[in-house]
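Reader: Could you take me on a close look at one part of this model, the largest nonpolar core? I would enjoy a connected account of what builds it and what lies elsewhere.

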Amino acid sequence: MRLVLVIIRGVPEIILAIVLIVITGLGSQAGTIALAFGGIGLLGKLIADSFEEVASGPERALRAAGATRGQVYASATLPQGRRALLGHSFYLLDSNIRCATILGIVGGGGVGYYLLNAGQGSNYAVVTTIVLMILATVLIVEGLAVWMRRVFR
């Protein structure tokens, strides 16, 4: 499974978006699919790394007590990796917000498309508003991530 994740991660979203634009045409479908594939690869690797680093003591104790594989995962692995899982999920969301801007500039639709159109039309008030909205969204996501980490401590 790790090999599949490495292969998926090996193709940058921008390249995948350009290929998908050729296949699907201009629009948000290409950008969405490119971000989805990139997100699967990145989040899969981050989650796998996080769960490999949990302490093995509780897992061994549950196995010795006769717990099934699912019970060990639900009772020992998942609770230990919960904070990392949450942090990585918010990191992916933050990363996708920024990537969506770049993908839109190359024709993948989304907020980058509107940013490019406003910039080409010399409508700098709209460009400033879009950039500030992206910044505010990233800050809100980061604030939510910090709050969720505190809740799940």
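Author: Happy to; what follows starts with that core and then turns to a second core and a pocket. Please keep in mind that this is a predicted model.

The largest nonpolar core has twelve residues. Here they are, in order along the chain: Leu86, Phe90, Ile97, Leu115, Ala118, Val127, Ile130, Ile134, Val138, Val141, Ala145 and Met148. Three elements each give two or more residues to this core: H5, helix H6 (111-120) and helix H7 (124-151). H7 gives the most, with seven residues.

Val141 is a nice place to pause. Leaving aside neighbours within four places in sequence, Val141 is in contact with Phe90, Leu93, Asp94 and Ile97. Of these partners, Phe90 and Ile97 are themselves listed in the core.

There is also a second, separate core, made of eight residues, with Ala17, Leu20, Ile21 and Ala30 among them. For another view of helix H2 (residues 13-24), try Leu16, which lies in that helix. Beyond its neighbours within four places in sequence, Leu16 is in contact with Val11, Ile33, Ala34 and Phe37. By contrast, Leu16 and Leu116 are 100 residues apart in sequence and 20 Å apart in space, C-alpha to C-alpha.

Helix H5 (69-108) appears again at the largest pocket, where this helix and helix H4 (56-64) each supply at least two lining residues. H5 gives the most to that lining, with four residues. The pocket holds about 170 Å³ of space, and its lining is formed by Phe51, Glu59, Arg63, Arg69, Val72, Tyr73 and Thr77. By type, that lining divides into three nonpolar, one polar and three charged residues.

Notes: Residues are numbered from 1 along each chain as its sequence is written. This is a predicted model: local features need pLDDT of at least 70, side-chain atom pairs count only at pLDDT 80 or more; totals for chains, interfaces and linings use all residues. Side-chain values use heavy atoms; hydrogens and water are left out. Contact means heavy atoms within 4.5 Å. On a 1 Å grid over the protein atoms alone, a cavity is a set of points where a 1.4 Å probe fits but cannot get out, and a pocket is an open set with protein on both sides within 12 Å along at least five of seven lines; lining residues have an atom within 4 Å of a point. Grid points are joined across faces, edges and corners, and a volume is the space filled by probe spheres set on the points. Ala, Val, Leu, Ile, Met, Phe, Trp, Tyr, Cys and Pro count as nonpolar, Asp, Glu, Lys and Arg as charged, and the others, Gly among them, as polar. A nonpolar core is a set of buried Ala, Val, Leu, Ile, Met, Phe, Trp, Tyr and Cys residues joined through side-chain atoms within 4.5 Å. Buried means under 20% relative accessible area, exposed over 50%, partly exposed in between (1.4 Å probe, protein chains only).
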